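Me: I am new to this structure and would like to go through it with you. May I ask short questions as we go?
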Amino acid sequence: MTVIDVNRLVFRQMTMDDVKTIVAIELESFASPWTEEAFVNELTNNHFARYMVMDYEGAVIGYGGMWTIMDEAHVTNVAVREPYRGRGLGEMLMVELMRTAVMFGAKRMTLEVRVTNGIAQGLYRKLGFEPHGIRPRYYSDNQEDALIMWAELPPSDEVEHPYDDDK
């Protein structure tokens, strides 16, 4: 396993140049991946959309997206490249999304997660998300239910990075 120097991670806004890489990450990560056209539409036509990438040494290794509407943020997708999973990078990405949501005026954040995805649910609970319902047959690939989770977002100066050394 290659060691990641988290101090060399860069979080930045997703651009059109990132879309092909993002689609490759989608294919690695999800049973029903979003298409290139879906991401192009999000970046060019959806003024509620906020997408960021996690760049390591010039390579996009993860990304996350959300819609910010009024004082709420809805996470649309979060994924990390296969070789980089299990290192806390998904948590760092979620924290960046939370910070960005607060910057855009969000006070609450929501997301859906497969009822069978205990790893993701554990991460979201760690970040303050709590279950608030089920969306029956939400996932089109196998009709699996989605757990709806919500979190109250703290003020921006209170959202901590899990990799802050001074804590």
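Me: Which residue forms a salt bridge with Arg8?
Reply: The partner is Glu57. The closest N and O atoms of the pair are 2.4 Å apart. Please keep in mind that this is a predicted model.

Me: Where do Arg8 and Glu57 lie?
Reply: Arg8 is in the segment before β1, and Glu57 is in the loop between β2 and β3. The pair therefore ties together parts that are 49 residues apart in sequence.

Me: Is Arg8 buried or exposed?
Reply: Arg8 is partly exposed, because its relative accessible area is 44%.

Me: How many salt bridges are there?
Reply: The count comes to 12 salt bridges. Some of them form a network, which links Arg12, Asp18 and Asp55.

Me: What about Lys126, which residue does it form a salt bridge with?
Reply: Lys126 pairs with Glu91, and the closest N and O atoms are 3.0 Å apart. Lys126 belongs to helix α4 and Glu91 to helix α3, so this salt bridge ties together parts that are 35 residues apart in sequence.

Me: Is Lys126 buried or exposed? And Glu91, buried or exposed?
Reply: Lys126 is exposed, with a relative accessible area of 60%. Glu91 counts as buried, because its relative accessibility is 14% and the limit for buried is under 20%.

Me: Which residue does Arg114 meet in a salt bridge?
Reply: The side chain of Arg114 meets that of Glu144, at 3.1 Å from N to O. Arg114 is in strand β5, while Glu144 is in the loop between β6 and β7, so the pair ties together parts that are 30 residues apart in sequence.

Me: Are those two buried or exposed?
Reply: Both Arg114 and Glu144 are buried.

Me: Let us turn to α3. How many residues does helix α3 have?
Reply: Helix α3 has 15 residues, running over residues 89–103. From its first C-alpha to its last, α3 reaches 21 Å, close to the 21 Å expected at 1.5 Å a residue.

Me: How many residues of α3 are buried?
Reply: The helix is mostly covered, with 13 of its 15 residues buried.

Me: What follows α3?
Reply: Gly105 follows α3, and its phi is positive, near 95°.

Me: Now the interior. How many residues are in the largest nonpolar core?
Reply: That core has 33 residues. Met94, Met109 and Phe129 have the most contacts inside it. The elements that each supply at least two of its residues include β1, β3, β5 and α4. The largest share of this core, 9 residues, comes from α3.

Me: Which residues does Phe129 touch?
Reply: Leaving aside residues up to four places away in sequence, Phe129 touches Met94, Met98, Met109, Thr110, Leu111, Tyr124, Met149, Trp150 and Ala151.

Me: How many residues are in the other core?
Reply: Another core, of 12 residues, lies apart from the largest one. Ile22, Ile25, Tyr51 and Val60 are among its residues.

Me: What is on the surface, say, which residues form a nonpolar patch there?
Reply: Phe48, Ile69 and Met70 form such a patch, with about 320 Å² of accessible area together. Of these, Ile69 is in strand β3, and Ile69 is partly exposed, with a relative accessible area of 39%.

Me: Where does Val40 lie, and which residues does it touch?
Reply: Val40 lies in helix α2, residues 36–45. Not counting residues up to four places away in sequence, Val40 touches Met16 and Val19. Val40 counts as partly exposed, at 25% relative accessibility.

Me: One last topic, the loop between β6 and β7. What is the phi of Arg137?
Reply: Arg137 has a positive phi of about 50° although it is not a glycine. Most residues other than glycine have a negative phi. Arg137 lies in that loop between β6 and β7 and is exposed, with a relative accessible area of 56%.

Me: And what is the phi of Gln143?
Reply: The phi of Gln143 is near 65°, a positive value in a residue other than glycine. Gln143 is in the loop between β6 and β7, and Gln143 is partly exposed, with a relative accessible area of 43%.

Technical notes. Residues are numbered from 1 along each chain as its sequence is written. This is a predicted model: local features need pLDDT of at least 70, side-chain atom pairs count only at pLDDT 80 or more; totals for chains, interfaces and linings use all residues. Side-chain values use heavy atoms; hydrogens and water are left out. Helices (H or I, at least four residues) and strands (E, at least two) are DSSP runs, numbered from the N terminus. The expected span of a helix is 1.5 Å times one less than its number of residues. Buried means under 20% relative accessible area, exposed over 50%, partly exposed in between (1.4 Å probe, protein chains only). A nonpolar core is a set of buried Ala, Val, Leu, Ile, Met, Phe, Trp, Tyr and Cys residues joined through side-chain atoms within 4.5 Å. Contact means heavy atoms within 4.5 Å. Patches are made of residues with over 30% relative accessible area and no salt bridge: like charges are joined within 9 Å, nonpolar side chains (Val, Leu, Ile, Met, Phe, Trp, Tyr) within 5 Å. Accessible areas come from the Shrake-Rupley method with a 1.4 Å probe; for residues, only the protein chains shown count as cover. A salt bridge is a side-chain nitrogen of Lys or Arg within 4 Å of a carboxyl oxygen of Asp or Glu.
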